[in-house]
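Colleague: Pick one part of this model and walk me through it slowly, please. I'd like to know what sits around it and how it fits into the rest.

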Amino acid sequence: MAAATPNGIPASRPLASSVPIEAVLFDIDGTLCDSDPLHHVAFQEMLLEIGYNNGVPIDEEFFINNIAGRSDVEAAQNLFPDWPLEKGLKFLEDKEAKYRSLAKERLEPVKGLAKVVQWVKDHGYKRAAVTNAPRINSELMISLLGLTDFFQAVIVGGECEKPKPAPFPYLKALKELQVSADHTFIFEDSASGTRAGVAAGIPVVAVATRNPEKSLLDAGATLIIKDYEDPKLWSALEEIDREEAKLKKADA
């Protein structure tokens, strides 16, 4: 039986156990790009406009604990427990429009992203983006990052049975790419997304752009990295290369 995290969540398998790799899946916000600060600013400005929190801007801790990585329904319920859900969702829809205007001016990739994208391309692995962000946001961010031709599928949580932290978005990605959970791994940045990947039976590399490392570890991440230039990541990817070389030699 797989070891469990302190929260009773099954721990992810080591990356090399997925050899031969068939696919690599990526979250978008916080994983491909450090977009959370832009989301935070958009929320701050719009919440101030309605006098939220007595006019005191929400801080980063509040943003991480109540909004980051959550589905629109969960974020709306956390922000506006006394509002009708439809009203809360409309607020979030308006906020996304503000975010998109900010993203067009300020969106930046996570450090080293181009290097890991090239590694995935060089190995010929299938790839998909799997996100809780609205499709219009997802496709904009992918386009701004120059990755439109890189991804073979874009899976949106709101178009699945349930969004992350449920496993359905990742299970849908496996189905669309026609690959197995046993031969796939994920890049994520939130505890919610990590739990989704682990629940789908897929090892997760957590990029600690904004979320506390402990929350990612407790969610079951196999490996936690600072960014895509982290030596820990490249050590793990080199191990994958060694294991795949052994398989090819054995099959020769």
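**A close look at helix 5**

Modeller: Let's start at the far end: helix 5 is followed by Gly 124, which has a positive phi, near 70°. Bear in mind that this is a predicted model, where local features need pLDDT of at least 70 and side-chain atom pairs count only at pLDDT 80 or more, while totals for chains, interfaces and linings use all residues. Residues are numbered from 1 along each chain as its sequence is written, and side-chain values use heavy atoms, with hydrogens and water left out. Helices (H or I, at least four residues) and strands (E, at least two) are DSSP runs numbered from the N terminus.

Now the helix itself. Helix 5 covers residues 113–123, and its buried residues are Leu 113, Val 116, Val 117, Trp 119 and Val 120. Down the helix axis, these fall within an arc of 155° (taken from the directions from the axis to the C-beta atoms), so they line one face of helix 5. An α-helix has 3.6 residues a turn, so residues three or four places apart point the same way. Ala 114 and Asp 122 are exposed, on the face turned away from the buried side. Here buried means under 20% relative accessible area, exposed over 50% and partly exposed in between, with a 1.4 Å probe and protein chains only.

What do those buried residues pack against? They pack against strand 1 (23–26), strand 2 (126–131), strand 4 (184–188) and helix 10 (231–251), where contact means heavy atoms within 4.5 Å.

On to the sheet, then. It is an open one of six strands, ordered 3-2-1-4-5-6 with parallel pairing; two strands pair if DSSP finds at least two bridges between them. Strand 3 (153–156) and strand 6 (223–225) are the edges with a single partner strand each, so one side of each has no neighbour in the sheet. On average, neighbouring strands are turned by 20° against each other, direction ignored. Over at strand 6, strand 5 (residues 204–207) pairs with it in the parallel sense through three bridges, and Val 207 stands opposite Ile 225 of strand 6.

Back to our helix: helix 5 packs on this sheet, touching strand 1, strand 2 and strand 4, and its direction makes about 150° with that of strand 1. Helix 10 packs on the sheet too, touching strand 4, strand 5 and strand 6, at about 135° to the direction of strand 6. For these angles, axes are lines fitted to C-alpha atoms, for helices over the stretch in contact, and values run from 0 to 180 degrees between N-to-C directions.
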